[in-house]
Amino acid sequence: MAGPRAPTVPDAPVAPWKRHIVLQLRQRDRTQKALFLELMPAYNRLLEKAQLLAQFSEKLQPEPSDVTPTTHQGPWEEESGPDSDQVPSPATLRVKWQEEEEGLRLVCGEMAYQVVEKSAALGTLESELEERQGRLAALEASAAQLKEARAGLAEQVEAWQALNAAQLATYDKLRKHAGLQEVALRRLEEEARDLLEKLVQRKARAAAERNVRNECRERVKQARVSQELKKAAKRTVSISENPNVLCDGVMEGAETVALATQPESLESEACEKWKRPFRSASATSLTLSRCVDVVKGLLDFKKRRGHSVGGAPEQRYQSIPVCMAARLPTRAQDVLDAHLSEVNAVRFGPNSSLLATGGADRLIHLWNVVGGRLEANQTLEGAGGSITSVDFDPSGSQVLAATYNQAAQLWKVGEAQSKETLSGHTDKVTAAKFKLTRHQAVTGSRDRTVKEWDLGRAYCSRTINVLSYCNDVVCGDHVIISGHNDQKIRFWDSRGPRCTQVIPVQGRVTSLSLSHDQLHLLSCSRDDTLKVIDLRVSNIRQVFRADGFKCGSDWTKAVFSPDRSYALAGSWDGALYIWEVDTGKLESSLRGPHWRWRADRVLLWHTCRGF
């Protein structure tokens, strides 16, 4: 008995899982069929024998009239003894056939019971087969859906491949175009570089020619002055007890000597110095020799001040007051709300009558210091970022500021807008200082470089590469000193290419201050100490620290007093700490109106006397 076979679709590819299910079903059919192959023939033979015995039983039943059995020999007769050939009696045969019939009935019952069991098992298998056929149909439907989804995805893949090919072609075109543009850009950069070199060379030639003309003009002026001095030396001067007469005679010769290039203040000082009566006849020669020395000194002063290459002549410098003795401040003389945000830099002008403040609001305010009070003078605008440092040139006519927009900017006092922008750094500019002339400056940045600038041409004349951030710079005679984040102070010769000296300190350097005599350097570092370095022996002379003093940021400033007697620094809590330089003793700790959370005010402390 074979079960139903799984439906197959001719001429269609059979999936592996379908083939596996068909094989399993065929194996089950063969197993079930083998169980019934022996049972059914035996059952058929049993039925045939039962029918045959029933027929024999009907034939062997005797008639009622027969009393005595007839003896005849048949095939079912049994011998009564070893020597007997008689046929068994019908009763005997009936008993035997009844016994055999009873045995056959038992066998038939057992066979029927087995048939029932096998039929029940066959029904179970058929129900399982139907269930599996249902699952197979569901799987075939799911497989058909998956085939449809696969066909849709294949179409999408083909569409994406076509789009990718189109985009790849577009990318190749753009790449070729970009290559052509890069070639054109390099060509333009080379042309721009050539033009810049030509421009620089032309400016250098023009500057050299201008310098030659200036030197010729100076030699002519010197020759004219020498001739006038010789004439004045040969002229007879009368000696009189009247001071006015003497002054008139001396001024008559001085008018010839004093040229337009000499400062008016020096002439007035010379006149006041010479307004005294002469007591001997030798005063004439002394006066003339003094006049010659004064004129030569003025000429040497102008030569020392110098010009930048191709720059305009130096402006007249005013006399700078000298602080003879400093006194400790006790209170704030003036407090102003100067900026809209934090004040990051404060700087006095050369004559201490002008104060510059710079803040995070990108403004620089100039203040007049009058009688211990601050009066608004001017606001300098145009800064590209927060102000980090401000400085005056030696004449006090220009202001240089470092900003967060990767540049330093230059203003002229009296003009609100920026005059020049010194761009070239790639990170925040943390310090910008003038050198000893108004035409040269130095900047330090967090891009690990220190740059020297020719302000006459707004041109970077030198770039010094350092291994650490630069937090502050100061300038001396032919030396640049920079403080860095790697706890080192470096010295650079402005006439040479290399670092001449390195002094390590314990902590990141936040600020530097150079004394007026350029013999001592004050540094502030993040280890909450101030150090005084003797530049004559390049050694740390004094270390200042105090309870409560803490360097709160990388831009904390510390300065010398004008006479170098005291060192001042601001702490994180808004207090001003003052140490005596020679003894290292903490002299005072001042707490003003601005605290660590309020840094948008300007305080004026009076620290100097004896001008």
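**Exercise 1. Is Leu 512 buried, partly exposed or exposed, and at what relative accessibility?**

Before we start, note that this is a predicted model, in which local features need pLDDT of at least 70, side-chain atom pairs count only at pLDDT 80 or more, and totals for chains, interfaces and linings use all residues. Residues are numbered from 1 along each chain as its sequence is written, and side-chain values use heavy atoms, with hydrogens and water left out.

*Step 1.* Take the cut-offs: buried means under 20% relative accessible area, exposed over 50%, and partly exposed in between (1.4 Å probe, protein chains only). The areas come from the Shrake-Rupley method.

*Step 2.* Leu 512 has 5% relative accessibility, so Leu 512 counts as buried.

*Step 3.* Now place the residue: Leu 512 belongs to strand E19 (residues 509-514). Strands (E, at least two residues) and helices (H or I, at least four) are DSSP runs, numbered from the N terminus.

*Step 4.* Look for a partner far along the chain: Ile 481 is 31 residues away in sequence, yet its C-alpha atom is 8.3 Å from that of Leu 512.

**Exercise 2. Find the salt bridges that link distant parts of the chain.**

*Step 1.* Recall the idea: side chains of opposite charge can pair when their charged atoms come close. The criterion here is a side-chain nitrogen of Lys or Arg within 4 Å of a carboxyl oxygen of Asp or Glu. With it, the structure holds 18 salt bridges.

*Step 2.* Try Asp 393 and Arg 438, whose side chains meet at 3.4 Å, N to O. Asp 393 sits in the loop between strands E7 (387-392) and E8 (398-403), and Arg 438 in the loop between E11 (429-434) and E12 (440-445), 45 residues apart. Both Asp 393 and Arg 438 are buried.

*Step 3.* Next, Asp 554 forms a salt bridge with Arg 508, with 3.4 Å between the closest N and O atoms. Asp 554 is in the loop between strands E22 (539-544) and E23 (558-560) and Arg 508 in the loop between E18 (499-504) and E19, so this pair ties together parts 46 residues apart in sequence. Arg 508 is partly exposed, at 30%.

*Step 4.* Finally, Arg 541 and Asp 582 meet at 3.2 Å, N to O. Arg 541 lies in strand E22 and Asp 582 in the loop between E25 (575-580) and E26 (586-591), 41 residues apart. Arg 541 is partly exposed at 37%, and Asp 582 is partly exposed at 48%.

*Step 5.* Salt bridges can also share partners: Lys 435, Glu 452 and Arg 462 are joined into one network this way.

**Exercise 3. Examine the positive phi of Arg 362 and of His 478.**

*Step 1.* Start from the background: most residues other than glycine have a negative phi.

*Step 2.* Arg 362, not a glycine, has a positive phi of about 65°. Arg 362 is in the loop between strands E4 (354-359) and E5 (364-370), and its relative accessibility of 43% makes it partly exposed.

*Step 3.* His 478 has a phi near 60°, also positive. His 478 is in the loop between strands E15 (470-476) and E16 (479-484) and is partly exposed at 47%.

**Exercise 4. How many disulfides are there?**

*Step 1.* Apply the rule, a pair of cysteine sulfur atoms within 2.5 Å. The count comes to zero disulfides.

*Step 2.* Check the setting of two cysteines: Cys 108 is partly exposed at 22%, whereas Cys 475 is buried at 13%.
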